[in-house]
Amino acid sequence: MRDVAVIGVGMTRFGELWDRSIRSMGIEAGLGAIQDAGIYSTDLEALYMGNMASGLLIKQEHLAPLIGDFVGMGKLHLPATRIEGADASGGLALRQAYIAVASGLHDIVLVGGVEKMTDVGDARATGIMASAADQEWETFHGATLPSLYAMMARRHIHEFGTTQGMLGSVAVTNHYHGSLNPMAQFQREITMEMALESGIMADPLRMFDCAPLSDGAATLILCPVSRAREFTDKPVKILGSGLATDSLALHDRETITSLAATRIAAQRAYKRAGITFRDVDLAEVHDSFTIGEIMAVEDLGFFESGKGGKAALDGELRIDGSMPINPSGGMKARGFPPGAAGIAQAVEIVHQLRGDADRRQVKDARIGLAQNVGGTGATTVVHIFEVI
Amino acid sequence: MEVPRFWRETRARYNLEGVRCGNCEKVFFPPREVCPDCHRASIGRMEKFKLSGKGEVYSFSTIHSAPDYFKDEVPYIVALIKTDEGPMVTGQIVDWEDGEVQIGTRVESVFRKISEQGKHGIIQYGFKFKAVRRALK
Ligand SMILES: [Zn+2]
């Protein structure tokens with residue numbers, strides 16, 4: 001296995017981008033990363049594209065060659081592969097690209113994530129997102145993704161005394177971080193009152209407990225560490241990659257107040273990286289719902305089981321707190337195009353580790369972690385990065 | 001859901017019919033071909049097993065924002081029911097009064113309409129749950 005580095009990043013702003021198509025977003029993010037890496041399209045050897053549901057959302061499958069073509073690589077006939085794992089598609093694509101470079105199969109690889117959500121209405125989109133759950137035995141009965149996370153939240157409240165205020169403080173913090181990020185969908189801070197008085201989506205989760213459904217794309221360029229300094233002064237090494245799965249349905253899990261897939265993916269990534277959670281300076285975690293962030297900071301080891309909510313309430317997860325989480329604003333405020341979410345996390349970690357995150361810069365950030373979850377936790381991908 | 005896709009699962013949907021592993025006796029719902037504990041020792045030994053439909057609420061959520069095919073039903077409750085035979089089952093709770101459904105509430109299954117596929121499509125039936133109330137004298 002060779003060491004692998006990120007040498008370039010690019011992304012679109014996330015949001016309701018009515019004037020943008022899936023290909024135009026893919027092009028902007030892809031060309032952005034190519035430019036950031038200082039490479040030419042002809043240097044690329046392969047392309048991986050994370051996407052959750054373009055077939056259901058815009059009736060377009062076969063996405064990897066489509067975007068590859070429009071990024072200008074059509075005549076190179078590159079190997080191009082789309083990767084799907086619900087809203088973990090981006091993280092999964094990154095892992096595939098990492099394996100391709102680490103194995104020695106390819107040197108310079110482009111890995112992107114993209115989603116076009118807003119061509120369908122909210123009710124349709126809710127149904128399509130629910131396809132990440134078990135269609136026969138969860139969705140059939142009316143379960144939605146928010147309601148499945150809501151059931152996790154209710155158990156977390158029941159077992160650990162987590163409160164609505166703790167959930168709300170995750171949203172308040174991430175909106176604060178979003179207010180510092182010019183690429184975020186929401187750049188306005190919210191108050192606790194706004195969070196606690198917002199409309200109920202799936203009790204006990206309210207509107208501000210849920211990430212928006214956004215359009216957007218994000219891209220990384222990877223290469224072997226041994227070649228990274230040909231392209232950049234600040235390569236960011238991928239120290240470890242961990243992937244774990246679980247039952248698709250919540251009802252088949254031993255517990256629903258913790259994601260086994262996250263705990264195990266994290267163990268695998270820490271082991272590969274040769275570090276522990278104590279070495280991590282900041283993390284981007286999967287906050288498609290506020291309870292997701294609370295479970296993540298527990299499952300990744302940063303806080304004891306049941307203490308994640310209190311950590312959020314106490315400000316520990318702010319960029320100036322003891323364990324900065326989602327400095328980008330997270331899915332909650334930066335925006336949430338499901339297939340691009342995992343790549344956008346890596347983009348943020350790279351900015352933080354290079355020290356070019358401007359107003360939202362975490363001090364002395366050397367090691368960062370990204371945790372990307374599919375559905376209610378049937379897939380979790382964890383990547384650990386270090387600036388070298 | 002398309003007719004054949006629904007029809008394939010009607011035994012489980014209408015009768016809460018799961019399976020019991022002939023090797024370790026653990027009960028599963030929905031039915032599985034292989035026991036996740038016994039692996040190949042369970043192959044061909046997963047026997048039909050009907051749940052009583054009785055159990056208690058493990059967690060639940062009242063849904064206010066629904067997909068298009070359920071949006072006429074809001075607000076409705078989806079719950080995880082810990083059945084007396086062991087398996088956890090996802091289903092709706094019906095005929096509820098405010099505050100009646102809590103973690104630990106005893107429920108029993110009822111046979112109800114789940115959804116309709118538009119004016120001309122099939123009506124899909126299956127199990128839901130309702131709270132067990134003390135009989136009135
Ligand atoms: Zn068994």
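In the predicted model, helix H3 of chain A spans residues 63–73, and its buried residues are A:Leu63, A:Ala64, A:Leu66, A:Ile67, A:Gly68, A:Val71 and A:Met73. These buried residues pack against elements of chain A that include both helices and strands: helix H1 (22–37) and helix H2 (54–58), together with strand S2 (46–50), strand S3 (80–83) and strand S4 (109–115).

The zinc ion is bound by chain B. Its protein donors are the SG atoms of B:Cys21, B:Cys24, B:Cys35 and B:Cys38, which lie 2.3 to 2.4 Å from the ion. The angles among the four donor atoms run from 106 to 114°, and the site is tetrahedral. For four tetrahedral donors the ideal angle at a metal is 109.5 degrees. Along the sequence, the donor residues follow the spacing C-x2-C-x10-C-x2-C. B:Cys24 is located in the loop between strand S1 (17–21) and strand S2 (27–28) of chain B, and B:Cys35 in the loop between S2 and strand S3 (46–50) of that chain, so this pair ties together parts that are 11 residues apart in sequence.

The accessibility of the zinc donors was also computed. B:Cys24 is partly exposed, at a relative accessible area of 35%. B:Cys35, by contrast, is buried, with a value of 0%. B:Cys38 is likewise buried, with a relative accessible area of 15%, because buried means under 20%.

In chain A, A:Cys223 is buried, with a relative accessibility of 0%. Over all chains, the count of disulfides, taken as pairs of cysteine sulfur atoms within 2.5 Å, is zero.

Definitions and conventions:
Residues are numbered from 1 along each chain as its sequence is written. Chains are lettered from A and ligands numbered from 1 in the order in which they are written. This is a predicted model: local features need pLDDT of at least 70, side-chain atom pairs count only at pLDDT 80 or more; totals for chains, interfaces and linings use all residues. Side-chain values use heavy atoms; hydrogens and water are left out. Buried means under 20% relative accessible area, exposed over 50%, partly exposed in between (1.4 Å probe, protein chains only). Helices (H or I, at least four residues) and strands (E, at least two) are DSSP runs, numbered from the N terminus. Contact means heavy atoms within 4.5 Å. Donors are N, O and S atoms within 2.8 Å of the metal (3.2 Å for Na, K and Ca); water is not among the atoms, so sites may look incomplete. Four donors count as tetrahedral if all angles lie between 85 and 135 degrees; four count as square planar and six as octahedral if opposite donors are over 155 degrees apart and all others between 65 and 115; anything else is irregular.
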